[in-house]
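Got your viewer open and a coffee at hand? Load the model and follow along, one selection at a time.

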Amino acid sequence: MSNINLVGISGSLRSGSYNTLLLEAVQRHLPEGARLSVARLDEFPLFNQDRESPLPAAVGAVKSALRSCDGVIICTPEYNLGMPGVLKNAFDWLSRPPQEQAEVLHGKPVLLMGASPGPFGSISAQNASLSMFRALRMPVWNEQGLIVVTHAGDRFKDGTLVDEALQQRLQQQAEGFCRHLLQLRARNDE
Ligand SMILES: Cc1cc2nc3c(=O)[nH]c(=O)nc-3n(C[C@H](O)[C@H](O)[C@H](O)COP(=O)(O)O)c2cc1C
């Protein structure tokens, strides 16, 4: 596949985060020609409209990666049945200022997934994020169903995904998502 640029965002800042490991596993299962750069959210301040100008450098860096990407892959944990504040805070920053929102976010397809050590695999957090993506006009790609990684502690060993069925699933999702992005690009070029 030719030159697909993806931005990956983990909703967890924790070292050893299952969601960051999941994102890194996706990175290893991308089709040829696709590359995924992992956005760093650890230096995003708490959103404050008084601090929008000058824009914090960490926010500007992720905005410029998003501007030139074809699609976004999100791996989110679930906190108290919702999306983590880290992820919401990041998109509040990334959606600003309103006159730049379209070029940074609108129309960028999202591949959404998440992991949890429990039996529900972040499904509520994923659901909770849908209204935000709708507001930001970011279509969530769902042709191959949900990726909900339950019992994450059994699937990763020493920081690596060891569950072969999940590896295969990630590869299929990544291939499907990249195919979709290429189709969109071809349509836009027409
Ligand atoms: C404040 C807090 C709330 C949590 N709430 C949930 C929850 O609602 N559902 C769930 O499955 N796990 C919940 N967990 C457990 C997280 O899924 C677990 O900490 C997970 O490892 C976080 O993702 P990470 O490994 O990517 O950091 C919660 C953890 C914290 C710290």
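We'll start at the ligand, step over to a nearby loop and helix, and then visit some salt bridges.

Before you click, keep in mind that this is a predicted model.

**Stop 1: the ligand**

Select the ligand and show what is around it. You should see Ser12, Arg14, Ser17, Tyr18, Asn19, Pro77, Glu78, Tyr79, Asn80, Leu81, Ser116 and Pro117. Colour that shell by character and it splits into five nonpolar, five polar and two charged residues.

Now look at the polar contacts. Pick serine 12: a polar atom of its side chain sits 2.7 Å from a ligand oxygen. For tyrosine 18, show the backbone instead, where a polar atom is 2.9 Å from an oxygen of the ligand. Asparagine 80 also uses its backbone, with a polar atom there 2.8 Å from a nitrogen of the ligand. How much of the ligand does the protein bury? On its own the ligand exposes 610 Å², and the protein buries 69% of that.

**Stop 2: the start of α1**

Stay with the shell and click serine 17, which is one of the residues around the ligand. Serine 17 also caps the N-terminal end of α1, with a side-chain oxygen 3.1 Å from the backbone nitrogen of asparagine 19. Next, select the whole helix, residues 18-28. Its buried residues are Asn19, Leu21, Leu22, Leu23, Ala25 and Val26. If you're wondering about the spacing, an α-helix has 3.6 residues a turn, so residues three or four places apart point the same way.

**Stop 3: serine 116**

Go back to the ligand shell and pick serine 116, another of its members. It is in the loop between β4 (110-115) and α5 (123-135). Buried or exposed? Serine 116 is buried, at a relative accessible area of 16%. Beyond its neighbours within four places in sequence, serine 116 is in contact with Gly121, Ser122, Val149, Thr150, His151 and Ala152.

**Stop 4: the salt bridges**

How many salt bridges does the structure hold? There are eight, and we'll visit some of them. As a reminder, side chains of opposite charge can pair when their charged atoms come close.

Select arginine 96 and glutamate 52, whose side chains form a salt bridge at 2.8 Å, N to O. Arginine 96 is in the loop between α3 (85-94) and α4 (98-104), while glutamate 52 is in the one between β2 (34-38) and α2 (57-67), so this pair ties together parts 44 residues apart in sequence. Arginine 96 is partly exposed at 23% relative accessible area, whereas glutamate 52 is buried at 18%.

Next, pick lysine 63 and glutamate 100, where the closest N and O atoms are 2.7 Å apart. Lysine 63 belongs to helix α2 and glutamate 100 to helix α4, 37 residues away, and their pairing links distant parts of the chain. Check the burial too: lysine 63 is buried, with 2% relative accessibility, but glutamate 100 is partly exposed at a relative accessible area of 26%.

For the last pair, select arginine 155 and aspartate 163, a salt bridge with its closest N and O atoms 2.6 Å apart. Here arginine 155 is partly exposed, with a relative accessible area of 22%, and aspartate 163 is buried, at 18%. To finish, add Arg67 and Glu103 to your Lys63 and Glu100 selection: salt bridges with shared partners join these residues into one network.

Technical notes
Residues are numbered from 1 along each chain as its sequence is written. This is a predicted model: local features need pLDDT of at least 70, side-chain atom pairs count only at pLDDT 80 or more; totals for chains, interfaces and linings use all residues. Side-chain values use heavy atoms; hydrogens and water are left out. Helices (H or I, at least four residues) and strands (E, at least two) are DSSP runs, numbered from the N terminus. Buried means under 20% relative accessible area, exposed over 50%, partly exposed in between (1.4 Å probe, protein chains only). Contact means heavy atoms within 4.5 Å. A residue is near a molecule or strand if one of its heavy atoms lies within 4 Å of it. A polar contact is a pair of N or O atoms within 3.5 Å; within protein, one must be able to donate a hydrogen and the other to accept it, and residues adjacent in sequence count only if both atoms are side-chain atoms. Accessible areas come from the Shrake-Rupley method with a 1.4 Å probe; for residues, only the protein chains shown count as cover. Ala, Val, Leu, Ile, Met, Phe, Trp, Tyr, Cys and Pro count as nonpolar, Asp, Glu, Lys and Arg as charged, and the others, Gly among them, as polar. A salt bridge is a side-chain nitrogen of Lys or Arg within 4 Å of a carboxyl oxygen of Asp or Glu.
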